[in-house]
Structure formats: C-alpha cells, structure tokens
Amino acid sequence: MSDFAVPAHPPFRPMMLINDRRYRGYTIQVVVFILIMAAAWWLIGNTIENLSRLGKDFNFDFLWKRAGYDIPQVLIPYTADSSHMRAAVVGLLNTLLVAVLGCITATIIGVTAGVLRLSNNWLVARLMTIYVELFRNIPLLLWILVVYAVFTESLPAPRAYSGADPAAHMILFDSIALTNRYTAIPTLNLLHSHGSLNIGWGVTINWATIAYIVVLVLAILAHRALGRWARARQNLTGVRPRTWPISAALFVLPLVALWLYFGIEVVRPTLKGFNFAGGVNVHNALVALWLALSLYTGAFIAEIVRAGVLAVSKGQSEASYALGLSRRRTMSLVVLPQALRVIIPPLISQFLNLTKNSSLAIATGYMDLKATLGGTTLNQTGRELESMVLMMGIYLVLSLIISSAMNLFNARVRLRER
Amino acid sequence: MKLAILFGTATAAALLAGGAMADTLADVKARGMLNCGVNTGLVGFAAPDANGNWQGFDIAVCKAVAAAVLGDASKVKYVPTTGQTRFTALSSGEVDVLARNSTVTFSRDTDLKLDFVAINYYDGQGFMVPKSLGVTSAKELDGATVCIQTGTTTELNLADYFRANNMKYQPVNIDSNAEGEQQYLAGACDAYTTDASGLAATRAAFANPDDHIILPEIISKEPLAVAVRHGDNNWGDIVRWTFFALVAAEEYGITSANLDEQANTSQNPEVQRLLGKTDDLGKMIGLDAEWAKRAIAASGNYGEIFNATIGEATPIKLARGLNAQWTQGGLMYAPPFR
C-alpha cells in the first residue's frame, strides 16, 4: 500500500558507535561495565595482596573450630564446645526470630496507627500523629537503649521475689514473674512423653508437638472443605447448611483426644538460687529489641498505610456507606483491600529495614548474627574479612528471600486488568 | 590506554602504602605524632580526665614511647578502641602501638599476626558481687547471671570455669565497661566478671564502693601487654625496650625527680648505659642516646606510674602484687641494658 520507499540502513561504520544515537547507548554501557569490573578486580586483587603482605590468608577453616563462648538464648542446642559455625547459626536463628516477630507486630501496629491517624476523632488522630512523628524522627538505636533501660531500671531483680515477705509479686495467678533480666513464663509439660524425633544437627522435636501440628493442619483443611461443601450446597438449594457445630467439633474433639492421650501439666517458674527455673525465661534483650523495632518500623508502616488509604478514591467509601456498610466494615472490606496495592511495595522495604536493623541487637546484648559471627567469633578468631564477607552474604540472601516472598504476595493482590 | 594508567597508578599507590607500613619508626617520625590505641575509658588505665587529657597506666606507656621516639611526651594521638575494634585498628595501621589491657594469647600472637612486646600488668580474671548477695566465693555462683564483655578472653574463661566446676550461669553480653557497670548496678546481673584490675577500677568509680566485694578466686592468667604489628621488628624493639627502661629505672632507683642527677653522677655502669652516658644503646634501635632518659622523664619509672595511676594511694587501690619488681617478690624484670 505504501508508496514511499523505506530509507535503506546506511552501512555500519565504527565511528557510528560514538556518533550514531542508536549505537551510542550500547557503547556507553559496555564502557561503564568494563570500568566497574576493572575497579572490582583491582579492589579484590589489592585486598588479597595486602592480606598476604600482612601474612594473613583467606579461609573459612575457623568455622569448624570450638567456639568456647556461651550464648544466653539458643533456639537449637548449643554449648561452648560447639563450633563457630553452629554459633553463627544460633545467631542467625535469633536474628530470624526477632525479625519475624518484629515484622508481625510492626505490621499490626502500623496498620492500626495508620488507619487511626485518619480517624475523625480529633484526640485519637493527634495521638497517632505524635506516635508516628516521635518514632520516625529519633534514631532507632536510642529507642532500643531507652526501652532496654526502662526494663532494666524499672523492674525488680529476681532476688526481690525471694523471702517470706517478698518485695515483688508474680502476676497472673502467680505464674509470670517480671524481672529486670527476663520474664519468667510457665511452660507446658507432657505427662506421658512418647519420645521425640531427631531431625539432625542435634535438633529434636517432640512427637506430641508434631501430633498437635498435624491435627491442627488437618482440622483447618477439613474446615475449608466443609466451607466449600456448604457454598456448593447454597448455590444449589439457596439454603446454607449450618456448619459451625461440625467445625467446632473438628477443632475441639481431636485436640481433647490428644490432650487426654499425652496429658499436659503447667510448669510454673520458681525462684531457685539466683534465678527462676522451671518455666521459660524470655530475656529482656529480646523483648526490648522486639518492642523497639516494632514501634519504630510501625511508625513508618503507619505512614505507608495512611498513604495507601488516602490513595483509594473517596467515591469507594461513599458508595460503601450508601450500601449501608458501617465505617469499620467499609475500611476492612472496601478500602484496605484496594489500598494494599499501594501499601505492599513500600512495605517490603520496611520489612527489609527491620530485618537489617535487628543487627543493632548488640546494644541490648541480644546475641544475633552480628553479635555471634560478626562479634565474638570475629574477635576471638581475628578473621575480620571472612566473617564480614560471610555476614554480608547471609544478610543479602535473607533480604532477597524476604523481598521475593513479598513480591509474590504483591503479584497476587495487584490490580488485575481483564 | 586509560586503563593502563589507572592500573599503573593503583599499583604504585599499593606499593607505596605497603612500603610505608613496614617502617613504623620512619612513619611516626614523619608524622611527628604517635597514634596510640587505648581503652575507650577505664579509670586508672586509660580515661580522659575532667579537662579531657588522657590519664592512666596505659597512657603512660604511650607517653614514654612518644618521648623516646619524638622527644615530646605530648605528641600522642589517643585512639579509643573497644574490645572488638582494637586488633583491627592495629593491623590496619590506624594505630602504631596498642596499649589497652589486652591479654597475650597464643592465637593472638600467631594467627592475628600481632607482637606482644612487653607485659605491663600481670592480671587475672575475677568476679565482683554486691555484698548484700551474701556470696563469699566464686564457687557459690551456680545459677547466677553474669555480666561479661563480649569478644574478650574473659568470655572464654568464664565459660571454661563454670564448666570445669560443673556450675551453670546465664551470661549477659555487654559491649563496654561502662555498659557493664550500669547493668551490674541495676541488678541485671548478679556478678560482673573481668580482669581483677578492671573490677577494682570499675568499683572505684561507684558511689558506694564498699557495698561490693571482689571474690577471692582468680580464674585465669591475664598478662596484659603492649602490642605492635608483626613484622616490623625494629619498632617492636623500640616499644619493648622503652617499657623495660621504665622497669629498670625503678629497679635502679631512678625517678623523675632524680633523673638528671643520676644521669650526671651515677657510677653504676648499667645506669650510665641506660641513660645514654656510655655505649649509645639508642643508636642500635634508630634513636638518639637520651631516648630512655626522656621516656623515664615522661611519667616517671614503672613504680611511679603504678602508684600514681592505680596504686594503693589512688581510688583504684591495687596492690603491687605480681607487678612488684623481681627484687620485691614480683614478676617485673627488665633484662640487662648492655
């Protein structure tokens, strides 16, 4: 159809790499890439050269040597006889623990504060503004130190619980003791134990725990199947069958059966010598770090949530009110699901921040990855470079895992155009 | 072409940096300043006073070396280092000498490529507890919570001691002495453990020092030494013999008060050699004849330094003990100056 001739490509000449706009972009990229690689090569070569000049080598053998130090809080069995590698894993698990706990509570705090900041109630909205501005504008390290100092200075020492007329009393039916070192909480103990499963690396899981988890998962699956059946039935007949008694039975009966089979008793912490024993002592280092991280990141999340909510067109909530939905239901059913699309991407960054910020743990003496591998191990073995490289690699992998998991979630809630 | 220039410059820079590191003496002289790694603050050993001037037992070593090498005891830049950063600061060249309550150990000497040139304080790890606890021996600490500075040899000794005695404990890991002090006073730990000298120094800073006792058990050997980088042997010699000069001065009765008189009138050949009247020992280590004289003049001899900073007359109240002269039943022993 076209009458005009398409101009033929001029033959390629080397000068076109610089003069021709079509090729110039590639030229610049290739040159920059070579320069960056050269700089990296020089940096690494220089480091190796300097290390060998100092008579140091680069190897990771130290990871298999005896660590020799104790760690207050361990999630897998660990003693001073364990290797530096195991100490690093213990630290990593501690990092993960505080990161997971922190992300959950920070999200809860952030969503609540973000929504309440938009509240029509003047006092509530102002209080939330104060919270957000206070935590956003003061460095995290200070908050960690403040929270930890409050725990240390204001709570009684375990000794205060001793004697016939103790200075401090346990709370909640004499089951929980708050001290300036830890919170002693009761644990559950099996009356008839049936051994435990060894999953390697000295980690064992009690069969009873496994049984409880399996039963719980099965009950949830059955509950879902029941819901599906009820919906199909409703579609067919228009009447939704009553399912809640069956659901309740699904959850209650097997758990009661397990309880009867294994038998459970509550072990209360009691003061033995210097410290509480019997229950579990949750260290203040963990609680303070967790609290400070949650409140700090929560303030940022609150702003993200506020932005997300404001991004949803006003017509959406007006339409929802017109349908007769309450404010609360409008927020949870109409506005927040749409706001999620705006909220999730920046939320990923906040989760990453929280995880990385947990490396400030040493301020409270919480033994995370930075304090074990990057602290005591580094110091005792003198392997600064190796420890740092390893630690950076671990944090990098951790961050990548978190962001890819969150990106998957983001892909699910993203606006689908049909 | 440009790449070649880049690499050429880089290699030259690397070679220059490497060459400069090997001769610390020339480096310090060219700089006109000694970089001395010290504690971030341990009263008696190394801490800034009310006027911001660093004072203490370890500081005296820095001053003596600066006086010997540069001729001026005030030409020192004090670089505060924590238990975590001290050895990196030394091996990276940030400091020329490390005078910071560091225990000599095999792996630090060999694997970390440090040279511990002179032990300036023979110490051992102890425990401090509040008197109200009613504990009189470390053997009664089963189940106790213990504050411990992380990354120190004391952390390892603590683990070993409790295991050897079949006792349990809860560590509270802290980063610095100041933090340990605060946690201990708040009752977040039952006992505080570090070198006995450090405990004494910490206790001296308390409002009520008498409410706390240092338990009699000393659970380790902690020879605290001055360290330099491995490989620059002449610099190591300078620091080592500067310290020995202080020890020898005490042995021969040379004090900051009678220094000049001794230098002019002493008939003791050892004193004459030490103070540079005969033999010119300084030349053998690249210094002038009066290097030792200046080192002694900086803060006095070893005994004077001890008494002025951590001795019984100071709030720290440390007895000479193992750190007395060998002639007084201690371990302080300077090899002959000849």
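Okay, so before I count anything: helices and strands here are DSSP runs, with at least four residues for a helix and at least two for a strand. With that in hand, chain A has 12 helices and nine strands.

Now, what is the radius of gyration of chain A, and how does that sit against the globule rule? It's 29 Å, while the rule gives 22 Å for 418 residues, so chain A is more spread out than a compact globule. You can get a feel for that from the C-alpha trace of chain A, which spans about 100 × 80 × 50 Å along its principal axes.

What about the inside and the outside? In chain A, 37% of the 418 residues count as buried. The chain exposes about 24,400 Å², and carbon and sulfur atoms supply 68% of that. And if you take the contacts in chain A with a separation of 6 or more, 65% of them link residues 24 or more positions apart.

Keep in mind that this is a predicted model. Its scores are ipTM 0.73 and pTM 0.78.

Over to chain B. Its average pLDDT is 88, and 93% of its residues score at least 70. Where does pLDDT stay under 50 in chain B? That's residues 1-21, and for that stretch the model has 17 contacts beyond four places in sequence.

Further along chain B, an unreviewed UniProt entry annotates residues 33-262 as "domain: Solute-binding protein family 3/N-terminal". Over those residues, the chain is 34% helix and 29% strand, and the C-alpha atoms at the two ends are 29 Å apart.

Notes
Residues numbered from 1 in each chain as written. Chains lettered and ligands numbered in written order. Predicted model: local features only at pLDDT ≥ 70, side-chain atom pairs only at ≥ 80, totals over all residues. Heavy atoms only, no water. UniProt positions renumbered as here; feature names shortened; annotations may be inferred. pLDDT = per-residue confidence, 0-100. Contact = heavy atoms within 4.5 Å. Rg over C-alpha atoms; globule rule 2.2 N^0.38 Å. Buried < 20%, exposed > 50% of the residue type's maximum accessible area, 1.4 Å probe, protein only. Areas by Shrake-Rupley, 256 points an atom, 1.4 Å probe, with all protein chains shown as cover.
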